[in-house]
Amino acid sequence: VAGAIFIALGVFVGLTTNVFPVQATVEAAWIDSLFNFMLAIAVVIFLVVEVGLIYSIIRFRRRKGDNTDGKFSHGNWTLEIIWTAIPAVIVLILTVFSMRVYADIENPNRPDLLPVTVVGQQFQWKFLYELPASAVADTTINDERKERLKSYMTSNELVLPVNRNIKAIVEATDVMHAFFVPEFRIKQDAIPGRSSPVYFTTSKTGTFQVKCAELCGTGHGAMSMVNQVRVVEAAEYDQFVDAMYQKALEIVNNPRSPEVGKQLIAQKYPCSGCHILDDAWTLQNKIGPTLNGIATRAEGHAAANEGLLGGTKDAANYIRASIVNPNLYLVGGYSPGIMPQIWSDRTQMPEDDLEAIVAYLLTQK
Ligand SMILES: [Cu+2]
């Protein structure tokens, strides 16, 4: 009777408890049922052990005046076989069950798979998308241009269509991170130099948080708060990708735009090695002056140094001169010759790049 009650209780707890956040993928349901199955078994074992223990403590407690030893018993074959066989069977069932769930999650053979690249970096996530199908199929765009367009298909928010098979390709640029969305029940290590695919099927619209589940440095905690996943209807997703593509076209068609400048200054040139610029990178190097608010300061510098700048008071001119001829005007407190002099040469920094960087720095008021 006691056994039947315990088992009923275990099943009840297993079926009714829900300690997890909502299930936003198909896989979440599988993982939760595996967890609840283990919980049901654990409840039965817990009750058997605890009730047995409490019963024994009361029933066989030392009575007043009883100073004899307890009864010694050794070698009960039946007992040994039972307590080896039951756990063995439980472990076997759990092995088969969890291997089933694992194989399902790892299965790359899913129809209409949507790839998205997830990149961990100190200290935020970045998401890279494929070009829209129409652009991929467009034979009037050559491969090099497609690659360039694709490099601008990025966002800090992971937008995914609902009811769709997703292949997240998880990567890292600096140290190890781990891509973790609790509502998806998906966790994948992000390892520098390696692309680790992880598969899931979205099943619920909503906004969730992307966490980093691997201690990756001082900003690790913040890394769990900056990036969101937004699971949306297919039409809204198409709109999102299309808007991103239109923006990429604009940038590629206009190589001197501030957006291009931002990408160049953050990725192509080593400016972050010496300067602080919160809008473009998180490094805090202080070998040169901060570039935060450079546009406003440049106006003042330009006005005060009209003579040096060839009679112009133009902020753009000041910034341009600071890059191509850093020693022309030295920021107070800094020695000459620290900022590289190589960018006076248009083979080291093409005209388009220079103008794009100037245009971008002019937005930093
Ligand atoms: Cu991290």
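A residue counts as buried under 20% relative accessible area, as exposed over 50%, and as partly exposed in between. Keep that in mind for the views below, which all come from a predicted model.

**View 1. Ala266, a residue in between.**
At 26% relative accessibility, Ala266 falls between the two cut-offs, so it counts as partly exposed. You will find Ala266 in helix α7. To get a feeling for distance, look from Ala266 to Pro336: the two are 70 residues apart in sequence, and their C-alpha atoms are 23 Å apart in space.

**View 2. The largest pocket and its lining.**
Ala266 appears again here, since the residues that lie nearest the centre of the largest pocket are Lys126, Lys262, Ala266, Gln267 and Ala280. In total, 30 residues line this pocket, and its volume is about 1,100 Å³. Which elements give two or more residues to the lining? They are β2 (124-129), β3 (154-155), α6 and α7 (258-268). Sorted by class, the lining of the largest pocket has eleven nonpolar, twelve polar and seven charged residues.

**View 3. Helix α6 from end to end.**
Helix α6, one of the elements that line the largest pocket, runs over residues 234-253 and has 20 residues. From its first C-alpha to its last, helix α6 reaches 28 Å, close to the 28 Å expected at 1.5 Å a residue. Which residues of α6 are buried? Look for Tyr237, Phe240, Val241, Met244, Tyr245, Ala248, Leu249, Ile251 and Val252.

**View 4. The copper ion and its four donor atoms.**
Four protein atoms act as donors of the copper ion: ND1 of His177, SG of Cys212, SG of Cys216 and SD of Met223. These donors lie 2.0 to 2.4 Å from the copper ion. The angles among the four donor atoms are 99 to 122°, and the site is tetrahedral. Along the chain, the donors follow the spacing H-x34-C-x3-C-x6-M. Cys212 lies in strand β10 (residues 211-212) and Met223 in the loop between β10 and β11 (228-232), so this pair ties together parts that are eleven residues apart in sequence. Are Cys212 and Met223 buried or exposed? Both Cys212 and Met223 are buried.

**View 5. The largest cavity.**
The structure holds one cavity of 30 Å³ or more. The largest cavity has a volume of about 30 Å³. Around it you can pick out Leu309, Tyr318, Ala321, Ser322, Asn325, Pro326, Leu328 and Tyr329. By class, this lining has six nonpolar residues, two polar residues and no charged residues.

Note on methods. Residues numbered from 1 in each chain as written. Predicted model: local features only at pLDDT ≥ 70, side-chain atom pairs only at ≥ 80, totals over all residues. Heavy atoms only, no water. Donors = N, O, S within 2.8 Å, 3.2 Å for Na, K, Ca; no water. Tetrahedral: all angles 85-135°; square planar, octahedral: opposite > 155°, others 65-115°. Helix = DSSP H or I, 4+ residues; strand = E, 2+ residues; numbered from the N terminus. Buried < 20%, exposed > 50% of the residue type's maximum accessible area, 1.4 Å probe, protein only. Expected span 1.5 Å × (residues − 1). 1 Å grid on protein atoms, 1.4 Å probe; cavity = no way out; pocket = protein on both sides within 12 Å on 5 of 7 lines; lining within 4 Å. Points joined across faces, edges and corners; volume = space filled by probe spheres on them. Nonpolar A, V, L, I, M, F, W, Y, C, P; charged D, E, K, R; others polar.
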